[in-house]
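Student: I am new to this structure. Could you take me closely through one part of it, the largest nonpolar core, and show me what surrounds it?

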Amino acid sequence: MSKPVLLGLSGSLRAGSFNRKLLREAARLFGEAEFIEGDLNLPLYNGDLEEAEGIPDAVQRLADQIAAADAVLISTPEYNKGISGVMKNALDWVSRTKGAPWSGKPVAILSATAGRAGGERAQVMLRNCMVAFRPRLLQGPEMLLAQTSEQFDENGHLTGEIYVKTLTDLMAALRAEMARG
């Protein structure tokens, strides 16, 4: 039996972002899988661009990765009490592709922020944005990583026991949702 494909999407483009670290830690705790990180560094959505040139290759590649994945992890920062423009832009672009790549897809949402709330408002906003795409969004446990600069060791592993337990439980829930078919 082949390994499941787990796609990770970070709402932060920064190479050293804590959301990217959180995705990688989630993939590690998920267990055996082929982990792929999607690229959300896309042009800003523009209907004129779409009309003139069609769907950009990078957008179609992302939509194809979503469609091909057995499950998707989305980790979002919280910018000004909501999801990042990068994340919203990617959702808008993918919604313009054919084939409804999100439909029925198991999806786990995570967030990592420098503040105390851990991205709770961003997660609520992201869930609202995802409703129209009809994925199978996990309802919990909620992985809200706060004060991120203090939460990872030199190997990129979470150090807080409660965070490790929550993320482990979320990955177990994602595996169970995948098994439901």
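Tutor: Here is a walk from the whole chain into that core, and then out again to a few single residues.

Keep in mind that this is a predicted model. Begin with the chain as a whole. The protein chain holds 6 helices and 6 strands. From the N terminus, their order is β-α-β-α-α-β-α-β-α-β-β-α. The C-alpha trace spans about 50 × 40 × 25 Å along its principal axes. A compact globule of 181 residues would have a radius of gyration near 16 Å, and the chain has 16 Å, so the two agree. Buried residues account for 48% of the 181. Now take contacts between residues at least 6 apart in sequence: 80% of them join residues at least 24 apart.

Next, the outside. The accessible surface comes to about 9,200 Å². Carbon and sulfur atoms hold 48% of that surface. The side chains include 20 positive and 22 negative ones. The centres of these two sets lie 4 Å apart.

Now go into the core. In soluble globular proteins, nonpolar side chains tend to be buried together. The largest nonpolar core here has 27 residues. Val 72, Ile 74, Leu 91 and Trp 102 touch the most other members. Several elements give two or more residues to this core: β1 (5-10), α3 (57-68), β3 (71-76), α4 (85-94), β4 (106-112) and α5 (120-130). Helix α4 gives the most, with 5 residues.

Look at Trp 102 in detail. Set aside residues up to four places away in sequence. Trp 102 then touches Leu 9, Ile 66, Val 72, Ile 74, Leu 91, Val 94, Val 107, Met 130, Phe 133, Arg 134 and Pro 135. A second, separate core has 23 residues, among them Ala 27, Leu 110, Leu 138 and Leu 158.

Turn to α4 itself. Its buried residues are Met 87, Asn 89, Ala 90, Leu 91, Trp 93 and Val 94. What covers them includes β1, α2 (47-53), α3, β3 and α5.

One residue of α3 is worth a stop. Ala 63 sits in that helix. Its relative accessible area is 3%, so Ala 63 counts as buried. Beyond its neighbours within four places in sequence, Ala 63 is in contact with Val 94, Thr 97 and Pro 101. Arg 24 is 39 residues from Ala 63 in sequence, and their C-alpha atoms are 21 Å apart.

Strand β3 offers another stop, at Thr 76. Thr 76 has a relative accessible area of 0%, so this residue is buried. Leaving aside neighbours within four places in sequence, the contacts of Thr 76 are Gly 11, Asn 19, Ile 83, Ser 84, Leu 110, Ser 111, Ala 112, Ala 122 and Leu 126. One of these, Leu 110, also belongs to the second core.

Finish with an exposed residue. Lys 98 lies in the loop between α4 and β4. Its relative accessibility is 78%, and exposed means over 50%, so Lys 98 counts as exposed. Gly 118 is 20 residues from Lys 98 along the chain, yet their C-alpha atoms are separated by 34 Å.

Definitions and conventions: Residues are numbered from 1 along each chain as its sequence is written. This is a predicted model: local features need pLDDT of at least 70, side-chain atom pairs count only at pLDDT 80 or more; totals for chains, interfaces and linings use all residues. Side-chain values use heavy atoms; hydrogens and water are left out. Helices (H or I, at least four residues) and strands (E, at least two) are DSSP runs, numbered from the N terminus. The radius of gyration is taken over C-alpha atoms; the globule rule is 2.2 Å times the number of residues to the power 0.38. Buried means under 20% relative accessible area, exposed over 50%, partly exposed in between (1.4 Å probe, protein chains only). Contact means heavy atoms within 4.5 Å. Accessible areas come from the Shrake-Rupley method with a 1.4 Å probe; for residues, only the protein chains shown count as cover. Lys and Arg count as positive and Asp and Glu as negative; His and the chain ends are not counted. The place of a charge is taken as NZ of Lys, CZ of Arg, CG of Asp or CD of Glu. A nonpolar core is a set of buried Ala, Val, Leu, Ile, Met, Phe, Trp, Tyr and Cys residues joined through side-chain atoms within 4.5 Å.
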